[in-house]
Amino acid sequence: MMTSPSHSPGNALRRLRQTTPLVHNITNHVAMTPTANTLLAIGASPLMAHAQQEIQEISAISAALSINIGTLSPSWIEAMQLAAMCAHRDGKPWVLDPVGIGASSLRQYACRALLEYRPSVIRANASEVLALAGEMNQGRGVDSGDDGEDALERASRAAITLARAQNCVVAMTGHVDVVTDGQRQITIQGGHALMGRVTAMGCALSSVVAAFLAASLDGHDDTLQATAAALACYAEAGETAGQSVEGPGSFVPRFLDALYTLDADSTLLASRLELTDVT
């Protein structure tokens with residue numbers, strides 16, 4: 001459980017809805033609309049911009065940045081680097097989503113370049129975490145692969161190693177979510193199996209994390225707690241949406257509705273979290 005009621009996911013959600021942070025997204029073609037809709041549903045404000053000529057102006061008015069490498073091109077990589085540089089320079093939180101990093105050398109190059117600008121959070125699935133930590137060279141594109149207990153333990157250790165090496169928070173999402181800053185670890189239970197059957201769910205989550213980070217800048221939460229709050233809210237909405245659906249087609253609108261109507265006073269939000277020290 002969280003260490004203090006003031007750090008609860010419900011309070012983090014209230015602050016997000018009160019502040020409506022503007023999140024700059026450089027995300028892939030597949031994820032643009034789902035990401036925008038998800039941010040609007042939870043109470044944030046989305047802005048999609050990847051032209052280099054406007055990056056600095058967009059960065060100046062944004063509260064946070066989310067970068068997703070799902071559909072790369074040389075010009076997009078340059079825009080991503082510029083946006084990350086601006087966020088790092090201005091002390092604004094930003095999230096890196098290394099989609100399918102194990103699939104190509106271009107993706108690996110892009111992530112190496114972006115890591116130079118110190119993301120606040122790396123949000124990835126287990127195979128992406130393993131690849132970033134140097135423990136796996138190939139992956140199944142954007143799929144997470146094995147979610148068994150042995151694989152989860154191995155990936156959790158890799159997440160801790162990566163968090164320490166990059167001095168950031170790593171949010172590893174899957175059947176069980178694990179968030180770590182290298183010293184502490186929070187596990188999050190919940191969600192629904194259909195979340196893995198709908199494209200861009202993880203991409204949109206990265207931007208939701210960025211929104212929660214922006215809303216926490218007043219000092220209420222640290223990066224670890226703000227990230228865990230985002231994942232807890234996402235998990236609860238997914239679980240709620242999955243209670244009355246027949247498949248992925250009906251899941252998406254119900255998930256957006258569940259995010260929009262998510263009760264910040266829900267006792268389930270805090271109960272989804274388990275905080276432990278990393279040894």
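Trainee: Which residues in H5 are buried?

Mentor: This is a predicted model, by the way. In H5, the buried ones are Arg-107, Ala-110, Cys-111, Ala-113, Leu-114 and Leu-115.

Trainee: And what do the buried residues of H5 pack against?

Mentor: Quite a list: S3, H4 and S4, then strand S5 (121-124), helix H6 (126-132) and helix H7 (149-166).

Trainee: Let's go to H2. Why is Thr-35 called buried?

Mentor: Set the value against the cut-off. Buried means under 20% relative accessible area, and Thr-35 comes out at 0%, so it counts as buried. Thr-35 belongs to helix H2, residues 32-42.

Trainee: What is Thr-35 in contact with, leaving aside neighbours within four places in sequence?

Mentor: Asn-25, Thr-27, Met-48, Cys-203, Ala-204 and Ser-207. Cys-203, Ala-204 and Ser-207 also turn up on the H8 side where H2 meets H8.

Trainee: What makes H2 oblique to H8?

Mentor: The two helices pack at an angle of about 40 degrees. Under 35 degrees would be roughly parallel, and 65 to 115 roughly perpendicular. The value fits neither range, nor the one over 145, so H2 is oblique to H8. Their axes are 9 Å apart, and the crossing is right-handed.

Trainee: Which residues of H2 meet H8 there?

Mentor: Pro-34, Thr-35, Thr-38, Leu-39 and Ile-42. They meet Cys-203, Ala-204, Ser-207, Val-208, Ala-211 and Phe-212 of H8. That contact divides into eight nonpolar residues, three polar and no charged.

Trainee: How do you know that the span of H4 is close to what's expected?

Mentor: Helix H4 (residues 74-90) has 17 residues. The expected span is 1.5 Å times one less than that number of residues, which gives 24 Å. From first C-alpha to last, H4 reaches 25 Å, close to the expected figure.

Trainee: What covers the buried residues of H4?

Mentor: The cover includes strand S1 (22-26), H2, helix H3 (55-61), strand S3 (64-68), strand S4 (94-97) and helix H5 (105-115). Among the buried residues of H4 are Trp-76, Ile-77, Met-80 and Leu-82. Just after H4, Gly-91 takes a positive phi of about 70 degrees.

Trainee: Last one: where is Gln-183 found?

Mentor: In the loop between strand S7 (177-180) and strand S8 (184-188). Beyond its neighbours within four places in sequence, Gln-183 is in contact with Arg-164, Asp-277 and Val-278. The C-alpha atoms of Gln-183 and Gly-102 are separated by 26 Å.

Definitions and conventions: Residues are numbered from 1 along each chain as its sequence is written. This is a predicted model: local features need pLDDT of at least 70, side-chain atom pairs count only at pLDDT 80 or more; totals for chains, interfaces and linings use all residues. Side-chain values use heavy atoms; hydrogens and water are left out. Helices (H or I, at least four residues) and strands (E, at least two) are DSSP runs, numbered from the N terminus. Contact means heavy atoms within 4.5 Å. Buried means under 20% relative accessible area, exposed over 50%, partly exposed in between (1.4 Å probe, protein chains only). Axes are lines fitted to C-alpha atoms, for helices over the stretch in contact, and angles run from 0 to 180 degrees between N-to-C directions. A crossing is left-handed if the near helix is turned anticlockwise from the far one by less than a right angle, and right-handed if clockwise. Ala, Val, Leu, Ile, Met, Phe, Trp, Tyr, Cys and Pro count as nonpolar, Asp, Glu, Lys and Arg as charged, and the others, Gly among them, as polar.
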